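User: I am new to this structure and would like a close look at a single part of it, the largest nonpolar core. Which residues and elements build it, and what surrounds it in the chain?

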Amino acid sequence: MTIPSSAKTLIIGGGIIGCSTAYHLAHMGEEVLLLEKAGLTSGSTWHAAGLVGQLRSNANITQLLGYSIDLYDKLEEETGLATGWKMNGGLRLACSEERWTEVKRQATTAHSFGLDMQLLTPKEAQDLWPLMDISDIVGAAFLPTDGQASPSDITQALAKGARAKGAVLRENTPVTAILSEKGKLVGVRTADGDVACEKLVLCCGQWTRDLAKTIGVTVPLVSVEHQYMITEAFGVPKDLPTLRDPDRLTYFKEEVGGLVMGGYEPNGIPWAKDGVPDPFDFQLLESNFDHFEQLVELALPRVPKLESVGVKQLINGPESFTPDGNFILGAAPEMANVFVGAGFNAFGIASGGGAGMALAEWIATGAPPYDMWPVDIRRFGRPHTDSDWVRTRTLEAYGKHYTMAWPSEEHESGRPCRRSPLYDKLKSKGAVFGEKLGWERPNWFAEIGETSRDIYTFELPNWHIPVGREHKAAREAAVLFDQSSFAKFIMQGPDAEAALQWIASNRVDKPSGSIIYTQMLNDQGGIECDLTCVRTGHDSYYIVTGTGFATHDFDWIRRNIPNGMNAQLIDVTSSNAVLSLFGPKARDILSAVTRANVSNEAQPFATARQIGIAGCPVLALRITYVGELGWELHLPTEYALTVYDALHEAGAEHGLRDAGYRAIETLRLEKGYRAWSSDIGPDHTPDEAGLGWAVKMKSNIPFKGREAVAAQRECGLRKILATFTTGSETILSGRETIYRDGVKCGWLSSGGHGHTLNRSIGIGYVRASDPIDHNYVLAGTYELEVATERVPAQITLAPLYDPQMDRIKG
């Protein structure tokens with residue numbers, strides 16, 4: 001059968017993700033061609049275990065998984081093909097008090113996101129799952145809407161549904177090359193001829209990385225062996241819920257009267273280090289009974305019946321996993337019109353329906369239906385171009401699939417990777433590092449006699465007192481943060497101002513030396529970037545954004561430079577170190593190391609100037625993220641140690657202290673500063689977030705998102721960001737449910753402790769179905785649900801600390 005010579009959208013890969021994407025594109029009326037190298041499901045879909053759970057730590061990913069369930073519910077009726085979907089519910093066990101705390105916090109998260117997660121006694125759990133021994137169980141949680149499905153059957157149903165709406169699916173048609181001209185996508189090559197396309201979608205599972213690499217696109221995933229056992233039938237009821245036993249690293253589900261048992265061992269085995277062999281279709285790896293034995297030993301005490309039941313098969317199928325355990329979705333930043341849906345970490349069936357929907361909308365409209373940051377391909381960066389580093393980190397993530405998800409937990413593998421020039425100096429001074437996008441960043445500093453590592457807990461952690469020490473120094477003396485990992489760009493060219501004026505929602509037509517805090521909005525008015533621009537010349541700007549957003553923000557700015565404008569964006573992250581000096585004594589310290597006048601009159605807040613420190617040219621930004629007088633000092637990397645030493649020598653008499661990122665977090669919570677990817681993002685507008693003052697609506701200057709902001713101001717707000725406080729004994733970490741007058745109205749996007757106030761602080765949106773205003777928000781009586789317990793909370797729309805900005809602007 002011949003294949004079309006062209007297609008508007010071409011999908012490579014006929015697993016559940018590719019077929020779901022084709023299904024949704026076809027239902028949107030889009031022309032779509034799917035090419036599969038062998039048969040549909042021949043990669044990893046056909047041997048997937050098929051568990052379908054919904055709850056994730058992010059509301060939108062939970063919503064996406066819920067969409068999958070709604071789709072699977074109706075797919076059989078729509079297509080006439082059985083899907084094997086059954087909503088038999090899902091049980092999750094807790095076998096320790098700490099795990100029980102985690103489960104209770106998960107239940108609160110479920111309530112925040114609209115899921116019915118019920119907490120059960122061990123006996124109630126056993127009534128639902130009679131096969132298990134409950135002697136070590138503390139409690140359990142039950143999600144009635146979870147279930148299981150037949151991966152191959154669902155994929156075939158999606159394929160039939162796609163064809164019914166006009167999609168063309170061709171099996172046994174391997175793509176041998178992706179074709180581009182002058183860096184632009186033009187099509188693909190097959191044995192049956194070339195196919196031109198406008199848009200290309202890579203849904204090739206574990207083959208995606210190597211194929212994408214041929215056009216310079218980074219897809220950080222690796223193959224890992226994943227085994228599960230299928231028993232002989234022994235009368236297991238069909239409606240038995242799926243069971244996850246994370247303390248024993250295992251899961252169970254019913255299959256044709258028997259059980260499927262699998263899990264996530266701590267020592268996962270990587271596969272295909274040098275590339276997936278060809279062909280490898282509808283194939284399995286050799287069963288590794290020795291390796292699987294550790295899971296059997298954990299499973300037998302839970303289900304004693306397994307000792308006397310025959311084993312039908314031990315399936316060993318490689319799956320693609322990622323460095324952070326989340327799948328990969330979205331538009332590749334390296335080449336226009338190339339999209340990726342891959343790396344599904346053995347929950348591709350659960351996410352398949354929703355991921356296909358989101359990716360289809362991304363392809364057709366240029367944007368996902370809602371914020372997809374946790375799975376966005378742009379969350380990755382430079383370390384992820386190295387497959388060996390990716391494999392090391394991915395094996396750690398695989399081994400943590402069922403381990404405790406501690407607050408503030410850091411990865412340990414592949415470290416150190418990216419180090420600032422101050423790394424060794426700070427380590428010698430007690431720095432305990434965290435990692436972000438490969439960068440080693442000091443989280444806190446241990447003093448002599450303190451354990452200089454993180455000890456994780458759901459209670460107050462071992463860094464609580466050290467961070468309080470740093471917090472106090474910032475408020476009363478001065479602190480120095482190494483923020484060299486900031487992403488830093490230069491935009492330059494004759495049209496730099498005009499381009500940035502279009503992309504940024506705040507005015508950038510300011511004099512040289514001005515610092516402009518701005519958002520960058522999408523067409524719905526949502527906040528895509530939250531950053532600082534420094535005008536450094538008539539045709540140049542210096543742009544600073546968060547470490548983790550380097551790839552995302554660079555891509556957003558570059559993509560939105562209007563056609564025909566002469567403006568170039570350059571990443572200079574590695575060129576400049578950043579030392580942030582904050583606190584009431586900051587001016588005294590800075591004055592002692594520079595001849596420049598750093599008085600308030602000479603350099604007021606929100607201005608930047610070149611100064612000299614110890615022979616180093618420094619761009620000094622008068623700005624703060626901690627609510628105190630201070631400067632970000634941007635300087636060539638090679639001067640970092642010299643300037644650091646000079647500042648500490650001058651700061652000794654003023655109580656200058658090194659401080660880390662966890663103090664930044666506690667300080668910014670007291671000040672009510674927003675964090676992108678938690679408090680603000682593409683689903684939130686400036687007005688909803690209390691940032692409308694930074695939007696240039698009073699001018700007649702056009703900018704991206706302006707019409708959406710104007711429309712919202714006409715129609716009113718349905719959610720407003722607020723700050724909540726509770727007693728210091730309450731531990732807030734985010735996702736706690738907000739109740740207004742006894743009715744659920746949202747959840748916390750951030751949570752932590754305010755050391756100056758000695759209160760627990762949370763930030764979150766108060767939501768309503770009708771337009772609301774500040775008076776409505778402040779008129780309510782509020783509670784927060786914390787680990788299923790209701791706690792009274794106070795609310796404010798003003799900063800808790802220094803609301804008049806006196807300390808910052810003095």
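**The largest nonpolar core**

Analyst: This is a predicted model, and its accessible surface comes to about 30400 Å², of which 49% belongs to carbon and sulfur atoms. Beneath that surface, 61% of the 810 residues of the chain count as buried. The radius of gyration is 27 Å, close to the 28 Å that the globule rule gives for 810 residues, so the chain is as compact as a globular protein of that length.

In soluble globular proteins, nonpolar side chains tend to be buried together. Here the largest nonpolar core holds 49 residues, and those that touch the most other members are Ile11, Leu158, Leu169, Phe327, Leu329 and Met372. Several elements each supply at least two residues of this core, namely the helices α1 (16–27), α2 (59–79), α5 (151–164) and α8 (348–365), together with the strands β2 (32–35) and β18 (328–331). The largest share, 9 residues, comes from α8.

Leu158 offers a closer view, since its number falls within the range of α5 (151–164). Leaving aside neighbours within four places in sequence, Leu158 is in contact with Ile16, Cys19, Ser20, Tyr23, Leu71 and Leu75. Across the chain, among contacts between residues at least 6 apart in sequence, 71% join residues at least 24 apart.

Finally, this core has a separate counterpart, a second core of 40 residues that includes Trp129, Met132, Leu240 and Ile315.

Technical notes: Residues are numbered from 1 along each chain as its sequence is written. This is a predicted model: local features need pLDDT of at least 70, side-chain atom pairs count only at pLDDT 80 or more; totals for chains, interfaces and linings use all residues. Side-chain values use heavy atoms; hydrogens and water are left out. The radius of gyration is taken over C-alpha atoms; the globule rule is 2.2 Å times the number of residues to the power 0.38. Buried means under 20% relative accessible area, exposed over 50%, partly exposed in between (1.4 Å probe, protein chains only). Contact means heavy atoms within 4.5 Å. Accessible areas come from the Shrake-Rupley method with a 1.4 Å probe; for residues, only the protein chains shown count as cover. A nonpolar core is a set of buried Ala, Val, Leu, Ile, Met, Phe, Trp, Tyr and Cys residues joined through side-chain atoms within 4.5 Å. Helices (H or I, at least four residues) and strands (E, at least two) are DSSP runs, numbered from the N terminus.
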